[in-house]
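Work through the exercises below with the sequence and the coordinates open side by side. Each task is followed by a solution that proceeds step by step.

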Amino acid sequence: MPQFVTKRLQAGTTALCLAATLAALALSAGVASAQRPPAAVVVDTVDERQIRDTQAVIARLVATRRSEIATRIAGVIKSVAFQMGDRIASGQVLVKLDASRFEIEKRANEAAIAAARAGLVVAQEKFKLAEQTFRRQASLKGSTAFSRSRFDDQKQAMEQARSEIGQADAQLQIARVGLDRANYELTHTVIAAPFDGIVIARQAQPGQFVQPGGTVATLLDIRDLEIAADVPGEIADGLKPGTKLEAVFESGTVRQVTVRTAIPVQNRSTRTRLVRFSVDLVGVPASQIAVGGTVTLKVPVSAARTVMTVPKDALLRGRGGWMVFAVRDDKAVPSPVVLGQAVGDRIEAKSGVKLGDVVVVRGNERLRPGQKVRARRAAPPRPQG
């Protein structure tokens, strides 16, 4: 027999053996599948949701409170109790000025008050004496002992004593104002934080002389942040106060934001309007919270439309795209789907499923086509609040 014929016969025999082996394996797999108990899975239902087409707008985190902490009086800085980057509590002492001069002024004004009070007492006693003398002289009117010139002199002396009381009282008020000023200056030798925040700049050093209004620190309130976005004018028209949107942080964290205000001024060069959004940052990692950090807003650009949606957990990557396992007659049936827009924790399904279909959301990674399943419903989502 020719050699090439022998080789062909051997190759054919090998192929037949391989096919037989594969058939046996497939048969054994089918038997094993038939004997395997139903897979426990969690399921959810294909439903309808309202969505809008959106446009991504790059926004930024901004602080609603940023303050350059300034001195109210002139003085020499005695101590600085913070460093740049420190977290500061409201009322925490930042800077102390040298208070020696103000303490001296306070004591001087306290002495001036004491002297003015003593002067006022002397003036009051002097007035009482002058008043008594004047009244005695006035009582002599109509008698031979009455002297007109002495009467006039006593009256003038009484009026002069009265004016001295006014002058002494004015000196007392001036001394009190001086004490109030000294107390004010002493109080403001201690500079404290007006709100909780983070120090982003330190402008004070011990020994430095500062003038009234001189900045010693820049404090940023990172607990009260907003999102600011320059939104195209034609889109901004639909953003009314209270409108809710989705915001995506750089790491993928998603938060709902609310339009606080849309500034009715359009930038002529960019044709955009500034819109400010309120946002709750509780639960957002601190590493993602930075003034100036970027956030992507999903701004609606169309009217709401109704679409079918499937849970994102139901999706599996197949050879030709995305698929889900639908449960029909207690069996897992693979169904390719064409996806559309995300709707919260669900996603639009343009084809492949129909309203009311039950799809597997947990346990679907290990399923095989046609496999028996024992399904239970997914727990309803917890209300937000």
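The exercises that follow concern a predicted model, and they treat its pockets, a strand residue, a set of paired strands and two loop residues.

**Exercise 1. Describe the largest pocket by its volume, its lining and the strands that contribute to it.**

Step 1. Begin with the volume: the largest pocket holds about 1,600 Å³ of space.

Step 2. Turn to the lining, which is made up of 41 residues, and of these E246, V343, G344, D345 and R346 lie nearest the centre of the pocket.

Step 3. Assign the lining to secondary structure. Strands that each supply at least two lining residues include β1 (39–45), β2 (47–51), β13 (244–249) and β14 (254–266), and β16 (294–300), β21 (338–343), β23 (358–362) and β24 (373–377) are also among them. The largest share, four residues, comes from β13.

Step 4. Sort the lining by class, which gives 17 nonpolar, eight polar and 16 charged residues.

**Exercise 2. Carry out the analysis for the second largest pocket, and state which strand gives the most to its lining.**

Step 1. The space in the second largest pocket comes to about 160 Å³.

Step 2. Its lining consists of I69, A70, T71, R72, T187, H188, V190, I191 and A192.

Step 3. Both β4 (66–70) and β8 (190–192) supply at least two residues of this lining, and β8 gives the most, with three residues.

Step 4. By class, the lining of the second largest pocket divides into five nonpolar residues, three polar residues and one charged residue.

**Exercise 3. Is S79 buried, partly exposed or exposed, and with which residues beyond its sequence neighbours is S79 in contact?**

Step 1. Locate the residue: S79 belongs to strand β5, which spans residues 75–80.

Step 2. The relative accessibility of S79 is 29%, and S79 therefore counts as partly exposed, since that class lies between the limits of 20% and 50%.

Step 3. Once neighbours within four places in sequence are set aside, S79 is in contact with L94, V95 and K96.

Step 4. Consider also P206, which is 127 residues away from S79 along the chain, while the C-alpha atoms of the two residues are separated by 5.3 Å.

**Exercise 4. Determine how β15 is paired with β12 and with β14, and name a bridge partner in each pairing.**

Step 1. Strands β12 (residues 225–232) and β15 (residues 272–279) run antiparallel and are joined by seven bridges. Within this pairing, A228 stands opposite R276.

Step 2. The pairing of β14 with β15 is likewise antiparallel, and extends over six bridges. Here V275 in β15 is the bridge partner of A262.

Step 3. The hairpin formed by β14 and β15 has five residues between its strands, a segment that leads into the next exercise.

**Exercise 5. Examine the phi angles of R271 and D329, and state where each residue lies.**

Step 1. Recall the general expectation that most residues other than glycine have a negative phi.

Step 2. R271 is not a glycine, yet its phi is positive, at about 55°. R271 lies in the loop between β14 and β15, and because its relative accessible area is 58%, R271 is exposed.

Step 3. D329, also a residue other than glycine, has a positive phi near 55°. D329 is placed in the loop between β19 (322–328) and β20 (331–336), and its relative accessibility of 71% means that D329 counts as exposed.

Terms used:
Residues are numbered from 1 along each chain as its sequence is written. This is a predicted model: local features need pLDDT of at least 70, side-chain atom pairs count only at pLDDT 80 or more; totals for chains, interfaces and linings use all residues. Side-chain values use heavy atoms; hydrogens and water are left out. On a 1 Å grid over the protein atoms alone, a cavity is a set of points where a 1.4 Å probe fits but cannot get out, and a pocket is an open set with protein on both sides within 12 Å along at least five of seven lines; lining residues have an atom within 4 Å of a point. Grid points are joined across faces, edges and corners, and a volume is the space filled by probe spheres set on the points. Ala, Val, Leu, Ile, Met, Phe, Trp, Tyr, Cys and Pro count as nonpolar, Asp, Glu, Lys and Arg as charged, and the others, Gly among them, as polar. Buried means under 20% relative accessible area, exposed over 50%, partly exposed in between (1.4 Å probe, protein chains only). Contact means heavy atoms within 4.5 Å. Two strands pair if DSSP finds at least two bridges between them.
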